[in-house]
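Work through these exercises with the structure open beside you. Try each task before you read its solution.

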Amino acid sequence: MKKILSLLIIALTMISSSCKKFENEPEERTTETDVFDPTDKTGTLSTAYLLGIYSFLPAGFNRIDGDFLDAATDDAVPSSNRSGISLFTNGQLTAVNYPDNNWNNSYTIIRRCNVFLKNIGIVPIADAIRQRQVAEARFLRAFAYFELLKRYGGIPLVGDKVFALEEDLNVPRNTFAECVDYISNECDYTAANLPNGSAVIAAEFGRVPSEAALALKCRLYLYAASPLFNGGGIESNNALKSLTGYLTADQNRWLPVISAAEAIIAKNYYKLPTGTGTTAYSAVFTTKINTDIIFSKQSANSTVIENANAPVGYVAPTTSNGRTSPTQNLVNAFPNLNGSAYTGTQTEATQYDNRDPRLKSILFYNTVAWLGRPVQTFEGGLDKPNQAFKTQTRTAYYLRKFMADFSTSTTYSNQSHNFPYFRFAEVLLNYAEALNEVNRVEDAVKQIILIRARAGITAGTGNRYGISVGITQTQLRDLIRNERRIELCFEEHRFFDVRRWKLGSLLAGSFQGLKITQNGTAFSYELQNVTDNVFNDKYYHMPIPYAELTRNTSLLQNQGYY
Amino acid sequence: MVLLCCLFIFIDGTGAQEVTVIRPYNQLRNDSLLTDSLKNLKQLIYFNTPKRLSTTSSAMVLGKEFNTTPVVAYPLALAGRLAGLSVSQGNGEPLNEGFSYRLRGQSPLIFIDGIPRSVTEISMEEIESVTVLKDAVSLAMLGVRGSGGAISIVTKKGSPGKQQISFTGQWGTQRPLQNLISHSLDAYNYAQLYNEALVNDGLSVAGNGFSQVALNGFQTGNNPYLYPNVDWRDQVLKNSATIARYNLNTSGGNNYVKYFINLEHINQNGFFKESDINTNYSTNAGAKGYFIRSNVDVNLTDKITAGIYIQGRILNKNNPGNAAADNIFSSLLATPNSAYPVYNANGSYGGSSQFTNNILAQSINSGYSLSNTRTVLTDVYLKHTLDDLSKGLWVKVRASFFSNLNENLVRVKSFAVFEPNGVSGTGETTYRQFGTNSEQGNTNSIGFQNRSDFQELSIGYNRTFSKHGFDAVILANRDNLVNGTNLPYTIQGISGHVAYNYDEKYLAELSFAQNGANRYPNNGGFKYGFFPAAGLGWNINKESFLKDVSWLNNLKLYTSYGKSGKNNTAYYTYMQVYNASPTAYFGSSAAAGTTVGESYLANPNITWEKAKIFNAGVDGTLFKNQLSFNVEYYSNVYSDLSIVRGNNSGLLGISYPEENIGKQRYYGWDAQINWAQRFNDFGYFISANASLQNSKLIYSAEANQRYEWMYRTGHPVGQNYGYLAEGLFQNQQEITGYPTIEGYSPQPGDIKYRDLNGDGVINQYDQTTFGSEKATVFLGSRIGFSFKGIDFSALFQGVLNQQVYLSGNSYREFQSGTAQAYEIQLGRWTPATATTATYPRLTTSSGPRNGAQNNFVSSSYWLRSGNYVRLKTIELGYTIPGKLTKKIGLQSTRIFLNGLNLYTWSSDTFNGADPENYTGGYPIGKVFNVGLNIQL
């Protein structure tokens with residue numbers, strides 16, 4: 001008996017000794033009450049939550065399989081033959097392989113904003129700060145909706161709802177009109193409640209200023225008033241047509257563009273920086289804080305752009321990839337130094353002289369200086385070696401925009417590379433386009449002159465900067481579209497601008513580049529077709545990603561896609 | 001050498017008494033009788049039942065059948081030996097073999113001496129038997145860990161009698177098996193095919209391909225520095241490597257103590273070539289293992305026994321570079337023979353801007369790294385028979401401690417490669433450098449460390465009253481694992497088992513467990529479940545109507561059904577947790593702001609997965625036990641499986657968590673047949689096992705599909721999905737008459753697909769599950785004979801009705817535009833060879849007419865038969881006659897020859913490659929082995 005007892009005691013002590021207290025749940029983790037803490041007067045973690053939403057804003061530059069979105073337009077072709085960007089131009093785009101699928105990312109931003117808005121009331125921060133942060137969250141949400149709207153048309157609006165795991169997510173698409181009204185209301189609210197750009201301190205640079213909300217509203221109505229969305233939809237059935245645009249045209253939709261632009265100008269903080277010419281234009285993109293940039297995607301200083309896009313013959317410190325090949329068509333769009341349209345030769349080196357100074361800031365061409373030697377884009381040159389497996393330019397041009405001036409340096413150094421979402425120059429161009437459309441032609445000309453003056457175009461007779469006296473609305477429309485193409489190239493505008501103007505034919509056909517042969521010290525130039533692009537009417541709108549259609553049975557696919 | 005640990009605990013003051021203890025079964029010195037008695041006993045972790053009284057499903061193999069297999073990890077030696085257990089090996093790298101073992105389609109848990117341990121490398125000689133537990137009655141007691149089945153390893157314990165010492169030495173040579181379906185192309189053929197592919201894709205050869213000068217260079221080989229043709233496999237791999245194993249063990253005992261002590265060392269070398277430039281270290285991928293075990297059982301008194309089992313092991317692995325063996329094999333697949341020379345004219349390593357690497361330097365000039373794993377395992381138990389309270393009653397308490405640590409020592413360096421890029425003014429070649437030559441670094445880090453402790457208290461009862469026999473056990477146990485910085489993970493509960501037989505004719509068994517794990521809401525507490533199981537059996541041969549059938553020795557029908565579970569080891573995923581979001585930058589100096597956001601969406605309803613396991617079978621022996629057979633049918637339904645739901649909508653705005661909503665069914669047959677006959681000096685045996693496994697996906701919350709053939713639900717789990725291929729387009733007329741492909745214009749030589757919905761367009765609505773839905777058949781067969789001192793045995797193992805999907809850069813050409821191409825591509829479609837083409841038209845996966853868009857999507861074109869049967873092991877041994885060896889004091893001496901993976905019959909798909917490793921991984925070895933065993 002004693003034996004059994006002692007045995008049992010040994011057994012029990014062994015088992016019970018393990019019942020010591022230890023942490024039941026990992027205490028080091030951050031939970032919802034830590035983030036939205038009713039006792040935290042400074043709202044440290046709730047502010048960190050808001051700042052975290054900024055990280056989901058879309059990146060720019062070489063974001064589609066290593067290429068710019070503009071490599072799917074008439075501005076450029078991708079240097080690589082295997083880039084996913086080609087799906088937009090080679091007729092192979094489907095709802096399954098669509099490479100610019102931002103659906104999940106946008107709804108992530110929307111959800112995080114809604115979580116923030118739902119819970120910020122708990123945190124005892126000062127009212128002024130709360131008002132600003134709520135407005136920031138509402139702006140980021142409106143921006144995410146706009147990024148969806150411009151691609152697909154109407155999308156499901158979820159309002160302030162934070163979905164739970166078990167909820168029914170078969171939410172149908174709202175009409176285009178409903179989405180525009182929603183985003184516009186959000187912009188009005190946030191413009192009134194965000195601080196002006198002048199009040200955002202340097203340490204907080206990157207957070208949304210009030211002018212950004214006005215700029216978003218300006219662009220929103222610019223798109224809504226444009227031919228494709230303003231009653232010009234390609235759909236045969238009205239249900240689909242009202243999802244991707246207004247059913248009927250209305251010229252009054254241009255008016256909010258004008259009032260929003262005037263509101264930004266009236267706040268008198270954002271303006272074109274002083275300075276003209278190539279260096280002034282380049283400085284907009286490499287100087288982190290300047291008055292042209294209203295809202296941009298912040299990133300660490302780096303040499304990412306140089307490494308991705310510089311000509312392939314440069315290896316300092318690592319091989320450059322030369323991803324983007326701007327077309328000869330883009331070069332032809334640059335006017336002369338005096339502002340008149342260029343009609344001269346395309347097969348001489350002289351075509352680059354006496355042109356719009358922005359050309360030298362945007363492109364590399366044969367013989368221009370970079371990192372201590374001239375660029376060699378002739379056949380067999382260092383930057384176009386024609387070797388197996390080697391990605392190189394297809395047009396004898398490379399993209400220079402967004403890089404700092406390294407023409408005489410020997411190596412790159414980290415630069416500021418923030419992708420601009422909203423620029424003051426764009427506001428002026430939107431203003432000019434809207435003014436022209438409501439027949440205030442001369443008012444529109446005044447805005448274009450501001451852009452051209454900063455670009456370094458000479459003033460000419462009567463300070464017209466090359467715009468002819470008595471220019472008609474139709475002529476000025478083409479001039480404004482061309483100015484917009486050059487000023488905002490590679491900032492993801494052309495892709496959507498060509499579509500909203502219903503000028504899809506501009507994206508079809510062959511685009512050209514140069515084939516340069518070296519003969520001793522001279523070069524001979526020859527035009528050649530580098531691509532044969534396809535455009536169908538269905539490409540005016542992007543397909544709703546197929547995966548989403550199978551999960552949400554209320555979604556209707558855009559016309560032409562399966 | 002001998003470690004005799006004795007534990008004497010004087011509880012009541014009386015000393016140890018010399019009394020013969022009677023065991024439930026007789027333990028005899030005679031080896032073959034011991035074998036027979038083990039074969040007739042089912043050792044099912046928590047209880048042992050004689051085979052004739054059991055309603056469970058299990059299979060057993062004795063350690064001595066496979067303990068001479070020249071492998072480091074013992075699961076590799078079990079392939080083909082147990083019905084229901086399938087073992088496959090991914091590659092041959094020592095201690096990184098990528099093997100997986102499945103029991104009836106699930107992942108079983110490994111138990112060593114009744115305690116769960118995920119230890120797959122121990123000394124082979126320690127293993128007395130391996131039993132796989134397959135049905136509900138045997139698995140119910142495992143509670144939330146049982147639904148995958150169990151592999152139970154019982155180690156050798158000593159037995160009373162004279163001390164036995166055994167020494168075994170084995171030396172073998174490994175030869176690499178072919179690891180690619182077809183050989184890579186030489187540079188000339190590669191360049192020609194590449195140019196052809198460019199034209200197919202609509203790209204210019206002038207701008208993107210190989211010039212005529214280059215083609216001439218590859219063909220003539222007149223400038224090997226500029227136009228190299230390098231077979232990289234020959235550069236880095238050699239054709240043989242050694243493997244050796246030494247084992248010394250001793251066992252014995254008397255009526256007070258019995259012991260088994262084992263020491264083993266195994267040394268398996270790798271296939272990498274080494275270089276004289278590394279004088280102080282090796283860059284080969286070899287492994288060394290050192291194992292020691294001491295199992296001691298003590299009779300403290302006539303009623304109390306105690307034991308202490310200790311095992312320790314050290315595993316040392318050497319690697320080129322930083323565990324870079326896998327990277328070297330990836331580089332081999334990604335680098336064509338024309339890429340760059342091994343050395344440049346000036347002696348530096350060759351390289352190019354496209355491949356800033358040199359495979360030889362990756363192997364011999366990247367330094368080395370060591371991985372050291374050390375493990376200690378200690379079990380102690382105390383058992384008291386309580387016959388004075390009630391005859392047959394006993395109580396036992398045990399505890400165990402396990403500690404495991406893996407340390408990595410990384411001593412690597414980088415190398416520079418050089419590409420010639422012109423000629424300088426003085427006529428010398430100039431080079432461009434990629435990478436840098438660095439000094440060798442020296443760092444160490446902990447790879448993983450974990451420890452666990454285990455406690456168990458059990459009470460048992462074993463008694464027969466006239467015709468009624470009872471064997472019952474009830475136990476409580478707790479297993480606590482601490483892994484890295486994680487909070488402890490504990491599984492604890494009570495379980496029990498009762499077996500009843502009436503006259504050994506009618507059998508009934510019941511098992512249950514009330515068991516659960518922690519890390520559940522709220523507060524990380526326990527969630528318990530009740531898992532019952534019941535089994536019934538009938539020994540028909542004992543019935544009067546079969547009593548007189550002389551050739552029928554045993555015939556038993558049995559069935560069982562019950563519940564089991566599998567715990568999800570997710571780390572507190574019911575808590576909504578926030579952590580640092582992706583970085584966001586603010587301010588004039590682009591400082592990273594502090595950001596926070598949800599890590600994942602919490603699922604407050606997590607629970608363990610459930611299984612309902614059904615098994616029915618018939619077991620029999622005939623003709624004086626010379627023929628035995630066993631056939632079983634099983635059907636297991638797994639529910640509440642932890643999966644991400646199929647209809648996860650982007651509107652949620654965050655990733656869906658795993659939810660317990662999945663449901664699958666696995667069903668099939670297991671069969672085993674053995675025939676053994678003995679005449680005086682000659683005996684032989686033939687045995688075979690077969691296992692048919694099938695499955696069905698019952699529910700996975702699949703997203704809505706427009707057509708019913710697009711659903712995966714209702715088909716076998718993991719079935720291939722894609723288009724149905726109907727051959728290649730032979731000419732343009734065929735294309736014009738055919739449905740269009742959305743987003744692609746086909747050309748002759750492309751694969752044509754079937755339009756399932758008849759809408760004239762081939763797109764995602766024409767995808768469906770494809771491939772055979774028949775059961776996969778796993779076969780194993782063992783034959784052998786013994787005659788006087790000679791013994792022979794051979795094991796065959798195979799898989800039938802298996803299909804493989806061919807893809808990736810080990811089979812297809814020019815993947816990513818720059819990888820290898822193979823002889824299989826020589827059979828590609830060209831206008832001239834259209835009728836005999838065995839491969840679609842070539843593509844570089846780029847360009848306006850990129851063929852990969854159509855030909856490399858998932859389709860039935862690339863699905864081929866993967867059947868094979870292997871002569872897995874074969875052994876011939878000779879025991880030198882006892883009277884000769886006893887003169888020098890040796891009890892017995894046996895010399896033997898054996899081979900592993902010597903020959904494989906496989907489907908034409910593999911073209912001679914190893915059916916388990918045909919995608920270019922580290923080759924599995926064919927081993928020729930000779931050994932010697934001496935017993936004193």
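## Exercise 1: Two hairpins in a row

Task: Find how many bridges join strand S21 to strand S22 of chain B, and in which sense the two strands run.

Solution. This is a predicted model. Step 1: locate S21 at residues 489-502 and S22 at residues 506-520 of chain B. Step 2: count the bridges; there are twelve, and the strands run antiparallel. Step 3: check one pair. Gln492(B) faces Gly516(B) in S22(B). Step 4: look at the turn. Three residues separate S21(B) and S22(B), which form a hairpin. Asp503(B) in that turn has a positive phi of about 60 degrees.

Task: Continue from S22(B) to strand S23 of chain B and describe the pairing.

Solution. Step 1: S23 covers residues 525-539 of chain B. Step 2: 13 bridges join S22(B) to S23(B), again in the antiparallel sense. Step 3: Glu509(B) sits opposite Gly535(B) in S23(B). Step 4: S22(B) and S23(B) also form a hairpin, with four residues between them. In its turn, Asn523(B) has a positive phi of about 65 degrees.

## Exercise 2: An open sheet

Task: Give the strand order of the five-stranded open sheet in chain B, and say why one side of S3 and of S7 lacks a neighbour.

Solution. Step 1: recall the principle. Strands of a sheet pair through backbone hydrogen bonds, parallel or antiparallel. Step 2: read the order in chain B, S3-S8-S9-S6-S7, with mixed pairing. Step 3: go to the edges. S3 (58-62) and S7 (115-116) of chain B each have a single partner strand, so one side of each has no neighbour in the sheet. Step 4: inspect one parallel pair. S6 (residues 109-112) and S9 (residues 150-155) of chain B are joined by four bridges. Ile110(B) has Ile151(B) in S9(B) as its bridge partner.

## Exercise 3: Where the chains meet

Task: Describe the contact of chain B with chain A: how many residues, and how much buried area?

Solution. Step 1: count residues. Chain B brings 92 and chain A brings 76. Step 2: take the area. The two chains bury about 7,300 Å² between them, 60% of it on carbon and sulfur atoms. Step 3: find the leading contributors. Tyr578(B), Phe586(B) and Leu651(B) supply 11% of the area that chain B buries against chain A, more than any other three residues. Step 4: look for a strand pairing across the chains. Strand S1 (residues 30-31) of chain A and strand S25 (residues 577-579) of chain B run antiparallel and share two bridges. Thr30(A) stands opposite Tyr578(B), a residue also named in step 3.

Task: Sort the polar features of this interface.

Solution. Step 1: 26 residue pairs are in polar contact between chain B and chain A. Step 2: sort the side of chain B that touches chain A by class: 45 nonpolar, 38 polar and nine charged residues. Step 3: the rule finds two salt bridges across the interface. Arg645(B) forms a salt bridge with Glu166(A), with the closest N and O atoms 3.4 Å apart.

## Exercise 4: A tie within chain A

Task: Which residue forms a salt bridge with Arg63(A), and what parts does the pair tie together?

Solution. Step 1: the partner is Glu492(A), with the closest N and O atoms 2.7 Å apart. Step 2: place both residues. Arg63(A) lies in the loop between H3 (44-54) and S2 (76-78) of chain A, and Glu492(A) in the loop between H16 (473-487) and H17 (494-500) of chain A. Step 3: conclude. The pair therefore ties together parts that are 429 residues apart in sequence.

How values were computed
Residues are numbered from 1 along each chain as its sequence is written. Chains are lettered from A and ligands numbered from 1 in the order in which they are written. This is a predicted model: local features need pLDDT of at least 70, side-chain atom pairs count only at pLDDT 80 or more; totals for chains, interfaces and linings use all residues. Side-chain values use heavy atoms; hydrogens and water are left out. Contact means heavy atoms within 4.5 Å. Buried area is the accessible area (1.4 Å probe) that two parts lose on being put together, summed over both. A salt bridge is a side-chain nitrogen of Lys or Arg within 4 Å of a carboxyl oxygen of Asp or Glu. A polar contact is a pair of N or O atoms within 3.5 Å; within protein, one must be able to donate a hydrogen and the other to accept it, and residues adjacent in sequence count only if both atoms are side-chain atoms. Ala, Val, Leu, Ile, Met, Phe, Trp, Tyr, Cys and Pro count as nonpolar, Asp, Glu, Lys and Arg as charged, and the others, Gly among them, as polar. Two strands pair if DSSP finds at least two bridges between them.
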